[in-house]
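The following exercises ask the reader to work through a protein fold step by step. Each task is followed by a worked solution.

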Amino acid sequence: MPFNPRYLVSAIGSMPFTDVGYAVDLTLRRMAQAPAWPQLPQLGMNEQMEVQIAEGVPCLTIDRERRRLFFDASGDCPQAQARFYQTYLEATDAEPGQGDFSALGIGRDFAAGLYALEDRLRSSGRKPPFVKVQSIGPVSFSLNVRDANDRASFFDEQLRDVVVRAGAAKCRWQIQRYRDLGERVICFADEPVLSSFGSSVYLSVGRAEVVSMIAEVMQAIRDEGAISGVHCCGNTEWSIPIDAGADIVAFDAFEFGETVALYPEDVKQHLQAGGVLAWGVVPTSEAVREQSAQSLADYLQRVMGVLAAAGIDRQLIAEQAMITPSCGAGPMQSDDAERVFELNQAVGEEMRRRFGF
């Protein structure tokens, strides 16, 4: 089914609030056409993006005293992995959309906003055109979460495979919970570590492995009938999420808006095939205090013009554009975050006005 968002407004996920009801109110008010369940890291460790998907992942330990997450291969780890694979394969072998991923889901204590938005939508009977869910991507998870020897789990082939399949299961479980709450579901894998890909820190991280890991999660999302997306809040090689099959490539357009024009052929093919760019034009920093909807819309038109100058039709760029904040707003002051979502909504409205959508 074609997806022509025409400056549809949504969010990356995190908010700085501790009042879950208020976060949901803001979500429904500022992104009514595509609400994203709010991640609330200020509520505690459980809502940190890696910890949030830790339940059901074999051999994964949450050390709350030291506030860290790590893989521990001791004890019954082989048996735990075997049980995990059996559960995963039984779910994926079922008819499309019928697999039971509940054993690999996310509990209410780990994602208060996920359940609160679900409860609100169910009780209201309102069904927006889109709903958005999200999870940390497998590359970022496996490079950030280490084993007992302090080696990134990415470099252990078995653990890397577990991470990919666990990430895919978390996405599929969320899609199944939300699929009757909106006309269509969008699911993002958030990959902040891609901004460091190719740096001296990750020289041993191969592009093929990165693309393959993300691609498996993107395929799982599509297998559940949802629209897939990858978000990176820094500069990266933008052909990576495109090659991985992401329907939506979401990026920090405020700081790196012109960088997508460095990959004109990849981006052109992506858009012509029905892919979308989610322009994170509203800064999730103190810079938001100096911006207006008009200034951000003017800036967005300019950087879109750079992409058009690289040989891509302006109307196509506009048809296949979403508007989001540049990144999650979780670390921000509450007043600044309020302004982010206010401007996010206003920029979408202004761009639709300018293009007659």
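Two strands are said to pair if DSSP finds at least two bridges between them. The model examined here is a predicted one.

**Exercise 1. Determine which strands form the sheet that contains strand 3, and describe its pairing.**

Solution. Step 1: begin with strand 3 and strand 5, which run parallel and are joined by 2 bridges. Under the criterion of at least two bridges, these strands count as a pair. Within this pairing, F71 stands opposite D147 of strand 5.

Step 2: turn to strand 2. Strand 2 and strand 3 (residues 68-71) run antiparallel, and 4 bridges join them. Here T61 has F70 of strand 3 as its bridge partner.

Step 3: combine the two pairings. The result is an open sheet of 3 strands with the order 2-3-5 and mixed pairing. Strand 2 and strand 5 (146-147) each have a single partner strand, so each edge strand has one side without a neighbour in the sheet.

**Exercise 2. Describe the second open sheet, of 7 strands, and the helices that lie on it.**

Solution. Step 1: establish the order. The strands are arranged as 1-10-9-8-7-6-4, and the pairing is parallel. The edges are strand 1 (8-9) and strand 4 (130-136), each of which pairs on one side only.

Step 2: examine one pair in detail. Strand 9 (residues 276-282) and strand 10 (residues 321-325) are linked in the parallel sense by 5 bridges. Among the partners in this pair, G280 is matched with T324 of strand 10.

Step 3: add the helices. Helix 9 (residues 264-272) packs on the sheet and touches strand 8 (248-251) and strand 9, its direction making about 110 degrees with that of strand 9. Helix 12 (residues 334-355) lies across strand 1, strand 9 and strand 10, and runs at about 160 degrees to strand 10.

**Exercise 3. Characterise the setting of F71: is this residue buried or exposed?**

Solution. Step 1: locate the residue. F71 belongs to strand 3.

Step 2: apply the cut-off. Buried means under 20% relative accessible area; F71 has 2% relative accessibility and therefore counts as buried.

Step 3: list the surroundings. Leaving out residues up to four places away in sequence, F71 touches a set that includes V57, P58, C59, L60, F141, V145 and D147. F141 in turn is in contact with residues including E50, I53, F71, I136 and V163, when neighbours within four places are left aside.

Step 4: place these residues in the core. The largest nonpolar core has 117 residues, and F71, F141, Y178, I214, W279, L300 and L307 have the most contacts inside it. Helix 5 (residues 157-178) gives the most to this core, with 11 residues. Another core, of 13 residues, lies apart from it and includes L8, A34, V276 and A278.

**Exercise 4. Identify residues other than glycine with a positive phi, and state where R6 and C59 lie.**

Solution. Step 1: recall the expectation. Most residues other than glycine have a negative phi.

Step 2: consider R6. Its phi is near 50 degrees, and R6 lies in the segment before strand 1. With 37% relative accessibility, R6 counts as partly exposed.

Step 3: consider C59. The phi of C59 is about 70 degrees, and C59 lies in the loop between helix 1 (20-30) and strand 2 (60-63). C59 is buried, at a relative accessible area of 13%.

Step 4: consider the hairpin of strand 2 and strand 3. This hairpin has 4 residues between the strands, and R67 takes a positive phi near 55 degrees there.

**Exercise 5. Assess the overall dimensions: why is the protein described as being as compact as a globular protein of its length?**

Solution. Step 1: count the elements. The protein has 12 helices and 10 strands.

Step 2: compare the radius of gyration with the rule. The radius is 19 Å, close to the 21 Å that the globule rule gives for 357 residues, so the protein is as compact as a globular protein of that length. Its C-alpha atoms fill a box of roughly 60 × 45 × 40 Å along the principal axes.

Step 3: consider burial and contacts. Of the 357 residues, 57% count as buried. Among contacts with a separation of 6 or more, 74% come from residues 24 or more positions apart.

Step 4: consider the surface. About 14200 Å² is exposed, with carbon and sulfur atoms supplying 45% of it.

Note on methods:
Residues numbered from 1 in each chain as written. Predicted model: local features only at pLDDT ≥ 70, side-chain atom pairs only at ≥ 80, totals over all residues. Heavy atoms only, no water. Core = buried A, V, L, I, M, F, W, Y, C linked by side-chain atoms within 4.5 Å. Buried < 20%, exposed > 50% of the residue type's maximum accessible area, 1.4 Å probe, protein only. Contact = heavy atoms within 4.5 Å. Axes fitted to C-alpha atoms, helices over the stretch in contact; angles between N-to-C directions. Rg over C-alpha atoms; globule rule 2.2 N^0.38 Å. Areas by Shrake-Rupley, 256 points an atom, 1.4 Å probe, with all protein chains shown as cover.
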